[in-house]
Amino acid sequence: MLILQESLSALNTFYYLLRKAGILLLSLFGVVTLTFVLMHSIPGDPFLQEQAIPEEILRSLYHYYGLDQPWHVQYLRYLKGIITWDLGPSFKYEGRTVNQIISSGFPVSFYLGMMALFIAVTLGTVLGMISAWHRNKWQDHLAAIFSVLGISVPSFLIATLLQYIFCIKLQLLPVARWGTFLHTILPALSMAALPMAFIARLTRTSMVEVLQQDYILTARSKGLSSVRLLMKHVMRNSILPVVTYIGPLTASILTGSFVVEKIFAIPGLGYWFVMSVSNRDYTVILGVTVFYSCLLMCCIFFVDIVYTLIDPRIRTALRR
């Protein structure tokens, strides 16, 4: 009987994950279709420049890139390219494909994003824990000030302020470019400010709610130490909202902050996306959007799996 129950539970979990994967694939298809329609509906042309191009050359370029074909033919060809992960050539960077641009830009954004994610999750969780444990005290008020500043101040303003203080005034760090570890500190702090403040508020709100539960009061009355109470009972039950937020946050940070990478002249994926929008480079815009959507949905799918491991209520519902 026990073996049968475990088999049914595993089968229910498989169907649950399979259903989630199907929803993610449908969502990805919708993102690809919508992005394609919007890009071909926007006025403008990737080959129009300040200097007039002869009509014969324009027709040759349209034919070479397949832009003279009907929209449904272009759409089907693009869907085929996505399935085979051949995102096509760049319209503006001769000799470079979208795959090459993503391959060169994503490792830079990934490295920088991992630093920003580590700073945001670590400092945000600690700040939220301190704020909740010392609720309505000066620690709570100080943490609230930092959280409000991190949420309300735009990232480009934080980046500019950090450049002015640490680069121009103190001359401790390089202003921009990409090279050594010192070049990553200010961009990572700029990217981590907003998610760190948001994680701190989420952690505080969730922990305050958990600390008021009856089982926490019972554990305190039994003389359980503060560290053990915090790590064993409070954090596990208050971390779920943070895990929910970390899923899309991971995808957003790992693909790079468009504004921050542009300010610090970092050749990451965000920088290439901004340049492609300025140049009306359709294939790069579509390719980066699809890549970002895939990464985002994979992170959400991973969060769903982590949810089943952290929250026993989800496992119980799957068994039923």
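**Exercise 1. Find which residue just after helix 6 takes a positive phi, and describe the helix that precedes it.**

Step 1. In this predicted model, the residue to look for is Gln171, which takes a positive phi of about 55° just after helix 6.

Step 2. Helix 6 covers residues 155-169 and has the highest mean pLDDT among the elements of the protein, 86, whereas helix 14 (residues 312-319) has the lowest, 55. For the protein as a whole, the average pLDDT is 77, and 79% of the residues score at least 70.

Step 3. With its 15 residues, helix 6 reaches 20 Å from its first C-alpha to its last, which is close to the 21 Å expected at 1.5 Å a residue.

**Exercise 2. Determine which residues of helix 6 are buried and what covers them.**

Step 1. Taking under 20% relative accessible area as the cut-off for burial, one obtains Ile158, Ala159, Leu162, Gln163 and Cys167 as the buried residues of helix 6.

Step 2. To interpret the spacing of such a list, recall that an α-helix has 3.6 residues a turn, so residues three or four places apart point the same way.

Step 3. Turning to the cover over these buried residues, one finds that helix 7 (182-211) and helix 11 (258-263) are among the elements that provide it.

**Exercise 3. Describe the largest pocket by its volume, its lining and the classes of its lining residues.**

Step 1. The space in the largest pocket amounts to about 400 Å³, and of the 16 residues that line this pocket, Phe146, Gly150, Ile158, Ala193 and Met196 are the closest to its centre. Ile158, already met as a buried residue of helix 6, therefore returns here as part of a pocket lining, given that lining residues have an atom within 4 Å of a point.

Step 2. At least two lining residues come from each of helix 4 (98-133), helix 5 (138-152), helix 6 and helix 7, and helix 7 gives the largest share, 5 residues.

Step 3. Sorted by class, the lining holds 14 nonpolar and 2 polar residues, with no charged residues.

**Exercise 4. Carry out the corresponding description for the second largest pocket.**

Step 1. The volume of the second largest pocket is about 350 Å³, and among its 18 lining residues, Tyr65, Arg77, Tyr78, Gly88 and Thr283 lie nearest the centre.

Step 2. Helix 1 (2-41), helix 2 (55-65), helix 3 (71-83) and helix 13 (282-310) each supply at least two residues of this lining, with the largest share, 4 residues, coming from helix 3.

Step 3. By class, the lining of the second largest pocket divides into 10 nonpolar, 6 polar and 2 charged residues.

Methods:
Residues are numbered from 1 along each chain as its sequence is written. This is a predicted model: local features need pLDDT of at least 70, side-chain atom pairs count only at pLDDT 80 or more; totals for chains, interfaces and linings use all residues. Side-chain values use heavy atoms; hydrogens and water are left out. pLDDT is the predictor's confidence in each residue, from 0 to 100. The expected span of a helix is 1.5 Å times one less than its number of residues. Buried means under 20% relative accessible area, exposed over 50%, partly exposed in between (1.4 Å probe, protein chains only). Contact means heavy atoms within 4.5 Å. On a 1 Å grid over the protein atoms alone, a cavity is a set of points where a 1.4 Å probe fits but cannot get out, and a pocket is an open set with protein on both sides within 12 Å along at least five of seven lines; lining residues have an atom within 4 Å of a point. Grid points are joined across faces, edges and corners, and a volume is the space filled by probe spheres set on the points. Ala, Val, Leu, Ile, Met, Phe, Trp, Tyr, Cys and Pro count as nonpolar, Asp, Glu, Lys and Arg as charged, and the others, Gly among them, as polar.
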